[in-house]
Amino acid sequence: MAHTFGRKGARALSRLTVAAIAAALVGTTAGTAAADPSPDYRPTVAAPYFPLQATKSTGEVFVYAPDGRGGFGDREQISRADSRNTTAMVNVDHAQNGYYDSAYFRTPDGTLVYAPQGKDEADEPAPILIGSGWNIYDRLLSPGNVGGSKEADLLARDKSGVLWLYQARPDGTLADRYRVGGGWDIFTDIVGKGDLNGDGKADMLAKDKNGDLWFYKGTGNTADPFASRVKVGGGWNIFDKLVATGDVNLDGRSDLLARDKSGVLWLYKGNGKQTDPFESRVRIGGGWGQYNNLF
């Protein structure tokens, strides 16, 4: 089922509002926090370099750049952004060069918008209205290219627990959705950004309601984008938020971030293994409970 942006949706959503949100979220973040951390470091599609973004319930949006040591530098507020205008945000790398270059975000009325990045703020392209009806989904994410195309694909879980794959086109628009499968409502977190087991394909992680973490190996096949799940381990219900932003410690492997219920953020460094893809956790710091969302 393709989602189209009809006349009713066009009246409900102000293009000027969309443009302002898109410019703030994409232009500022990509132009500052996602710059090269050093002349010697180059991200890859398998281990992309994405900023960590954080929002408050009052609407403020902050961005953190990795410091190269497994933590983050000082936060920077995106002054023109107000997260209350969105209900979901998904950062993507359509250029497939390891850098965040655009984003999909959903407005409260269920409209999905694609916000591409220009060379600078003056050259910012107009956002693309993908379609309405996206409030049928309770989870949107993009581990990367999971369906064999060149662009980063979008995954969406509907409220009955069915996972759907939308392959992205070069201009950011989406092909008709493909049904991955049902039963995904057993998971409270589904995340992924890049390759975790070293085979060059984008993978995914999912935490179930019992606190078990599962690894889904990417296949690159649209008809069957993930191999059978492999259990990573139990006890993950100590965390209220899992976040994947790619390579946090700049060692060439994708990592995982986890916030515990006391507001402490932890780094799980990727090691390239399938059944045990992370090293022991490392404490980044406290105070992250002030944010209602991390992405």
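Visitor: Hi! Which residues line the second largest cavity?

Guide: Happy to help, and keep in mind that this is a predicted model. Lining the second largest cavity are Val 191, Gly 192, Lys 193, Gly 194, Leu 196, Asp 203, Leu 205, Ala 244, Ser 254, Asp 255 and Leu 256.

Visitor: How does that lining split by class?

Guide: There are 5 nonpolar, 3 polar and 3 charged residues in the lining of the second largest cavity.

Visitor: And what volume does the second largest cavity have?

Guide: The space in the second largest cavity comes to about 50 Å³.

Visitor: How many cavities of 30 Å³ or more are in the whole structure?

Guide: The search turns up 3 cavities of 30 Å³ or more. For the largest cavity, the volume is about 80 Å³. It is lined by 13 residues, and the closest to its centre are Phe 50, Asp 93, Pro 143, Gly 144 and Lys 193.

Visitor: What about the classes in the lining of the largest cavity?

Guide: That lining has 6 nonpolar residues, along with 5 polar and 2 charged ones.

Visitor: Changing topic: where is Ser 83 found?

Guide: Ser 83 sits in the loop that runs between strand S3 (76-77) and strand S4 (88-92).

Visitor: Is Ser 83 buried or exposed?

Guide: Ser 83 counts as buried, because its relative accessible area is 9%, and the cut-off for buried is under 20%.

Visitor: Nice. Which residues does Ser 83 touch?

Guide: Leaving out residues up to four places away in sequence, Ser 83 touches Thr 55, Lys 56, Gly 59, Glu 60, Val 61 and Met 89.

Note on methods: Residues numbered from 1 in each chain as written. Predicted model: local features only at pLDDT ≥ 70, side-chain atom pairs only at ≥ 80, totals over all residues. Heavy atoms only, no water. Helix = DSSP H or I, 4+ residues; strand = E, 2+ residues; numbered from the N terminus. Buried < 20%, exposed > 50% of the residue type's maximum accessible area, 1.4 Å probe, protein only. Contact = heavy atoms within 4.5 Å. 1 Å grid on protein atoms, 1.4 Å probe; cavity = no way out; pocket = protein on both sides within 12 Å on 5 of 7 lines; lining within 4 Å. Points joined across faces, edges and corners; volume = space filled by probe spheres on them. Nonpolar A, V, L, I, M, F, W, Y, C, P; charged D, E, K, R; others polar.
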